[in-house]
Amino acid sequence: MKPQTGPTIILAVLAAGWLLLASCGYYNPNVLPEQRDLPPTRLYAPMWQNATNELGLESRAHGAVSDWLLQSGRIVLVADQEEAEYILTGRISSIRYPGFSYDITTTARALNAVLTSSVSLTERESGRIIWQNPSLRLEETYNLDASVSQTDANQREALRLLVDSLAEQVYLRVLRSLTAVHRYR
């Protein structure tokens with residue numbers, strides 16, 4: 001009889017690994033079941049400010065943050081500041097493209113897109129700052145190409161990734177901050 005090889009062994013190892021992970025008690029704290037979450041919080045998130053010359057970046061950041069926040073059953077975005085318990089404000093301070101990778105003739109082959117922003121979460125009634133990061137800095141590398149249009153496409157993709165990463169970080173930090181505030185009330 002020939003010993004088992006190939007996909008059968010791989011599937012058995014994967015199943016054993018899955019069982020070990022499932023039984024170890026690990027859970028992702030950002031995706032707790034809704035019944036264990038605290039009651040929904042009303043949040044007002046106005047349009048971000050943009051201190052850069054990158055047109056529309058504030059709109060993309062605001063949209064991405066809103067999309068992330070809407071994924072949570074804990075947060076209800078409201079259109080009127082007076083209806084909110086908390087206010088989330090953001091400002092894109094700068095976007096830079098320093099050289100990252102050079103060839104032997106000191107010609108740049110790749111650039112970093114570096115986005116710097118500031119974000120704060122404030123309790124509306126008291127004006128107390130719940131969380132803030134005055135210098136949230138993110139980087140994404142993209143390649144330069146012989147074709148200008150391809151380099152532009154690479155740069156746009158780097159900006160898209162930066163904005164999504166910014167939104168995810170803001171979302172996670174807002175959830176943690178709101179959980180901490182409600183836990184100690």
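How many helices and strands make up the secondary structure of the protein chain? In this predicted model, the count comes to three helices and seven strands. If you walk along the sequence, you meet them in the pattern α-β-β-α-β-β-β-β-β-α. Of the chain's 185 residues, 33% count as buried. The accessible surface is about 11,700 Å², and carbon and sulfur atoms account for 55% of it. Contacts reach far along the chain too: among those between residues at least 6 apart in sequence, 69% join residues at least 24 apart.

Let's start with helix α2. This helix has 14 residues and spans 20 Å from its first C-alpha to its last, close to the 20 Å expected at 1.5 Å a residue. Its buried residues are Leu 57, Ala 61, His 62, Ala 64, Val 65, Ser 66, Trp 68 and Leu 69.

Trp 68 is a good place to pause, and it brings us to the aromatic rings. A search of the whole structure finds two aromatic pairs. In one of them, the ring centres of Trp 68 and Tyr 171 are 5.4 Å apart and the planes meet at 40 degrees, so the pair is tilted. This pair links distant parts of the chain, with Trp 68 in helix α2 and Tyr 171 in helix α3 (residues 148-183), 103 residues apart. Trp 68 has a relative accessible area of 17% and Tyr 171 one of 7%; both count as buried because the cut-off is under 20%.

The other pair is made by Tyr 97 and Tyr 142, whose planes lie at 85 degrees with ring centres 6.2 Å apart, so this one is edge-to-face. Here too distant parts of the chain are linked: Tyr 97 sits in the loop between β4 (86-96) and β5 (99-102), while Tyr 142 belongs to strand β7 (residues 129-143), 45 residues away. Tyr 97 is partly exposed at 26%, whereas Tyr 142 is buried at 6% relative accessibility.

Just past α2, look for Ser 72, in the loop between α2 (57-70) and β3 (75-77). Is Ser 72 buried or exposed? With 9% relative accessibility, Ser 72 counts as buried. A polar atom of its side chain lies 2.9 Å from the backbone nitrogen of Arg 74. Leaving aside residues up to four places away in sequence, Ser 72 touches Tyr 171 and Leu 175. Tyr 171 is the residue we met above as the ring partner of Trp 68.

Now for the charged side chains. Side chains of opposite charge can pair when their charged atoms come close. Six salt bridges turn up in a search of the whole structure. One of them joins Arg 124 to Glu 82, with the closest N and O atoms 3.5 Å apart. Arg 124 lies in the loop between β6 (108-123) and β7, and Glu 82 in the loop between β3 and β4, 42 residues apart. Arg 124 is partly exposed at 23%, and Glu 82 is exposed at 54%. These two residues also belong to a network of salt bridges that links Glu 82, Arg 124 and Glu 125.

Another bridge pairs Glu 123 with Arg 128, the closest N and O atoms being 3.6 Å apart. Glu 123 is buried at 15% relative accessibility, but Arg 128 is partly exposed at 44%. Finally, Glu 139 and Arg 137 meet in a salt bridge at 2.5 Å, N to O. Glu 139 is partly exposed, at 40%, and Arg 137 is partly exposed as well, at 46%.

Technical notes
Residues numbered from 1 in each chain as written. Predicted model: local features only at pLDDT ≥ 70, side-chain atom pairs only at ≥ 80, totals over all residues. Heavy atoms only, no water. Helix = DSSP H or I, 4+ residues; strand = E, 2+ residues; numbered from the N terminus. Buried < 20%, exposed > 50% of the residue type's maximum accessible area, 1.4 Å probe, protein only. Polar contact = N/O pair within 3.5 Å; in protein donor to acceptor, adjacent residues only side chain to side chain. Contact = heavy atoms within 4.5 Å. Expected span 1.5 Å × (residues − 1). Phe/Tyr/Trp six-rings, centres within 6.5 Å; stacked < 30°, edge-to-face > 60°. Areas by Shrake-Rupley, 256 points an atom, 1.4 Å probe, with all protein chains shown as cover. Salt bridge = Lys/Arg side-chain N within 4 Å of Asp/Glu carboxyl O.
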